[in-house]
2 protein chains.
Amino acid sequence: MPTHYHGTAEERRALNTFIKLMRAADSVEARLAQRGCLDDLTPSQFGVLETLYHLGSLCQTELAHKILKSSGNMTLVIDNLEKQGLVRRERDLNDRRFITVHLTEKGRQTIEAVLPCHVKAIVEEFSVLTPEEQETLGELCKKLGKGQSPKATLVSSTPLAEQE
Amino acid sequence: MPTHYHGTAEERRALNTFIKLMRAADSVEARLAQRGCLDDLTPSQFGVLETLYHLGSLCQTELAHKILKSSGNMTLVIDNLEKQGLVRRERDLNDRRFITVHLTEKGRQTIEAVLPCHVKAIVEEFSVLTPEEQETLGELCKKLGKGQSPKATLVSSTPLAEQE
DNA sequence: ATTAAATAATTCAATATCAAACGATTGAAA
DNA sequence: TTTCAATCGTTTGATATTGAATTATTTAAT
């Protein structure tokens, strides 16, 4: 029956902050998912649709970079979106290695139907913080995220709002 | 060629904070993973081992609750840990519905070998923030995470450090 | 005591996710 | 021009993840 972690004050502070950060991110994400705004779309699917909607057609590698997933994963996500008729693949004629992914009309309608509800939900989630607190949180997170390697998550990494 | 999201100031503030929060969480998590401290352990596997190490033997439902995953998922994660000889299942004799999961000697050695490196990595990640900034970040995240539904992530949800 | 509701773990189907290996294509170097 | 390196997308194998259905067991209610 071992006891809990004990370390220096510095270690405990970092660990506590780490845990709270992760819990906050997960909590918000889970509650957003539970609201059901995203309907049947998985987070990655939503991320792709939203990215295409806001940035226009992109190739798969760019898309993977935007939602910060692997290229192999992107193949599957696009596959599933294509099955649902939400996106369309188009081989690039200039450079046949590339495949451009387009939003279909149905895809556009889908993202437009989902977006307002999702934005509203996010605003509600953050309403527990004052505007100033939100600014502060944003600043601190930015510093923390800045590190060396760029990585982020699904929905969160999409250009829903601009990163400065 | 649609443009980016435009909304009220309130909406943009919430969206920006949301994105920065998610990016920060993902960045930190990804960089921690890249350091390779966790060796071959997946985040969930690490979470289970660490929870057992710090809290002692638990049944699967408790374990699932601790690392905030579904019970179905827990079955698989424990399966894989058992294959590696890191944990051991034991049917509860008083209530045969329960299965207690124990850390094996090999499991204990594994988590003890991995933990110091991981803690060190977390401290390094958060060293971009001053102690005060870490406290502030922790406070704000706590408020945000407090919401109704409890949810968190793998490693982060483990009792590495105590939640107050 | 028998039945009904609740709970624990498992299973299943679908999707996600990565890393690594691979095939196709392109562009640059020899 | 031929070859080589780089890049793109796909495939594969392993693990994760959820939600829903299922089985086993226990507890509570009748």
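Three short exercises follow on a predicted model of protein chains with DNA.

**Exercise 1. Find the protein surface near DNA strand D and state what kinds of residues form it.**

Solution.
- Step 1. Apply the cut-off: a residue is near the strand if one of its heavy atoms lies within 4 Å of it.
- Step 2. This gives 26 residues around DNA strand D. A:Q60, A:T61, B:T42, B:S44 and B:D95 come nearest.
- Step 3. Sort the residues by type. Six are nonpolar, 13 polar and seven charged.
- Step 4. Turn to the DNA side. Sugar and phosphate make up 74% of the strand D atoms that come within 4 Å of the protein.

**Exercise 2. Locate polar contacts to phosphate oxygens of DNA strand D, then name the elements that line the strand.**

Solution.
- Step 1. Start with chain A. A polar backbone atom of A:I99 is 3.0 Å from a phosphate oxygen.
- Step 2. Move to chain B side chains. B:N80 places a polar atom 2.8 Å from a phosphate oxygen. For B:N73 the distance is 3.3 Å.
- Step 3. List the elements giving two or more residues to this surface. Chain A supplies α3 (60-66) and α4 (71-83), and chain B supplies α2 (43-55) and α4 (71-83).
- Step 4. Pick the largest share. α4(B) gives four residues.

**Exercise 3. Describe the build of chain A.**

Solution.
- Step 1. Count the elements: six helices and three strands.
- Step 2. Read their order from the N terminus: α-α-β-α-α-β-β-α-α.
- Step 3. Check burial. Of 164 residues, 49% count as buried.
- Step 4. Check contact range. Among contacts between residues at least 6 apart in sequence, 60% join residues at least 24 apart.
- Step 5. Take the accessible surface, about 7,900 Å². Carbon and sulfur atoms hold 52% of that area.

How values were computed:
Residues numbered from 1 in each chain as written. Chains lettered and ligands numbered in written order. Predicted model: local features only at pLDDT ≥ 70, side-chain atom pairs only at ≥ 80, totals over all residues. Heavy atoms only, no water. Polar contact = N/O pair within 3.5 Å; in protein donor to acceptor, adjacent residues only side chain to side chain. Nonpolar A, V, L, I, M, F, W, Y, C, P; charged D, E, K, R; others polar. Buried < 20%, exposed > 50% of the residue type's maximum accessible area, 1.4 Å probe, protein only. Contact = heavy atoms within 4.5 Å. Areas by Shrake-Rupley, 256 points an atom, 1.4 Å probe, with all protein chains shown as cover.
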